[in-house]
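Biologist: I am new to this structure and should like to go through it step by step. Could you please show it to me before we begin?

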Amino acid sequence: MSSTNKQFADKAFELLKELDRSSQTIPAFDDDGVRQVLEEIKAIFKENVTQASCYSSSGDRSLWPLLNYRHAALQRNKRCLLAYLYERMQRIKALRWEFGPIIPVDIKQSLCEPEVHFFNNYSKSLAAYMRAVGDGHGIDLTGNLRPPKSLYIEVRCVEDYGKFELDDGEVVHLKKNSQHYLPRSQVETLVRQGILQHIA
């Protein structure tokens with residue numbers, strides 16, 4: 001077999017390895033890598049169509065192993081590409097649970113436009129579901145990802161946020177470096193967004 005055949009699906013597998021090795025929450029979408037894999041899929045498909053027509057006209061069985069090999073490479077490329085996209089989609093879903101409905105700017109820069117659209121749709125669906133459950137009152141499923149040790153926590157404001165109204169109507173002014181003792185369920189989102197810092 002030619003040296004090019006030995007390299008089938010290498011780029012697709014490399015996409016998965018880079019995603020797995022990344023220390024970031026979600027690395028930047030690899031447009032070039034995905035494009036190269038799609039071009040390889042098209043090239044393999046064209047070669048197989050050409051050889052399949054030769055096979056059907058001549059009946060030469062010596063072409064059959066190469067056709068099968070290319071088809072297996074094509075399927076591997078597709079599986080790797082789908083696994084890459086699926087893993088990114090799972091990480092994007094996890095962002096909604098970790099940071100709430102607003103993606104931090106540094107992470108948003110790593111997403112492509114369809115991924116941002118997917119995040120927004122997922123966020124809307126989750127919000128609609130949370131409003132629908134809980135006897136008409138709604139339940140914030142993202143609030144307590146881990147069982148709380150106490151109902152109130154001490155927090156320090158990392159940046160100026162302004163007024164923050166609690167469920168009981170009390171208004172708290174969140175100024176940079178100010179410390180507050182607040183209900184955990186109401187400030188967890190601000191802690192995850194980095195506006196407040198939990199003081200242990």
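The questions and answers below treat domains, core, surface and salt bridges in turn.

Biologist: How far apart do the C-alpha centres of domain 1 and domain 2 lie?

Modeller: Please note that this is a predicted model. The domain assignment of the protein chain places domain 1 at residues 10–132 and domain 2 at residues 152–198. Between the C-alpha centres of these two domains the separation is 40 Å.

Biologist: For residues 149–199, which domain does UniProt list?

Modeller: Over residues 149–199 the chain is 20% helix and 43% strand, with 14 Å between the end C-alpha atoms. The UniProt entry, which is unreviewed, lists these residues as "domain: DNA replication complex GINS protein PSF1 C-terminal".

Biologist: From which helix does the largest share of the largest nonpolar core come?

Modeller: The largest nonpolar core has 15 residues, and those with the most contacts inside it include Leu15, Phe29, Val34 and Leu81. Helix H1 (10–21), helix H2 (31–58) and helix H3 (64–99) each supply at least two residues of this core. The largest share, 5 residues, comes from H3.

Biologist: Is isoleucine 139 buried, partly exposed or exposed?

Modeller: Isoleucine 139 sits in the loop between helix H5 (113–132) and strand S1 (152–157). Together with Tyr129 and Leu141, Ile139 makes a nonpolar surface patch of about 270 Å². The relative accessible area of isoleucine 139 is 42%, and a residue between the 20% and 50% limits is classed as partly exposed. Isoleucine 139 is therefore partly exposed.

Biologist: What distance separates the C-alpha atoms of isoleucine 195 and tyrosine 86?

Modeller: Isoleucine 195 is located in the loop between helix H6 (184–193) and strand S5 (196–198). With a relative accessibility of 9%, isoleucine 195 counts as buried. Isoleucine 195 and tyrosine 86 are 109 residues apart along the chain, and their C-alpha atoms are separated by 31 Å.

Biologist: How many salt bridges does a search of the whole structure find?

Modeller: Side chains of opposite charge can pair when their charged atoms come close. One of the pairs in this model joins arginine 21 and glutamate 14, at 3.0 Å from N to O. For the whole structure, the search gives a total of 7 salt bridges.

Biologist: Which residue forms a salt bridge with arginine 88?

Modeller: The closest N and O atoms of this pair are 2.6 Å apart, and the partner of arginine 88 is glutamate 115. The pair links distant parts of the chain, for arginine 88 is in helix H3 and glutamate 115 is in helix H5, 27 residues apart. Arginine 88 counts as buried at 0% relative accessibility. Also buried, at 8%, is the partner, glutamate 115.

Biologist: In which helix do arginine 184 and glutamate 188 both lie?

Modeller: The side chains of arginine 184 and glutamate 188 meet in a salt bridge, 4.0 Å from N to O. Buried means under 20% relative accessible area, so arginine 184 counts as buried at 16%, and glutamate 188 is buried at 14%. The two residues are 4 apart, about one turn of the helix, and both lie in helix H6.

Biologist: Which residues do salt bridges that share partners join into one network?

Modeller: Arginine 21 is exposed, with a relative accessible area of 55%, whereas glutamate 14 is partly exposed at 24%. These two residues meet in a salt bridge. Through shared partners, the residues joined into one network are Glu14, Lys17 and Arg21.

Note on methods:
Residues numbered from 1 in each chain as written. Predicted model: local features only at pLDDT ≥ 70, side-chain atom pairs only at ≥ 80, totals over all residues. Heavy atoms only, no water. Domains from an automatic or database assignment. Patch = residues over 30% accessible without salt bridge, like charges linked within 9 Å, V, L, I, M, F, W, Y side chains within 5 Å. Areas by Shrake-Rupley, 256 points an atom, 1.4 Å probe, with all protein chains shown as cover. Buried < 20%, exposed > 50% of the residue type's maximum accessible area, 1.4 Å probe, protein only. UniProt positions renumbered as here; feature names shortened; annotations may be inferred. Core = buried A, V, L, I, M, F, W, Y, C linked by side-chain atoms within 4.5 Å.
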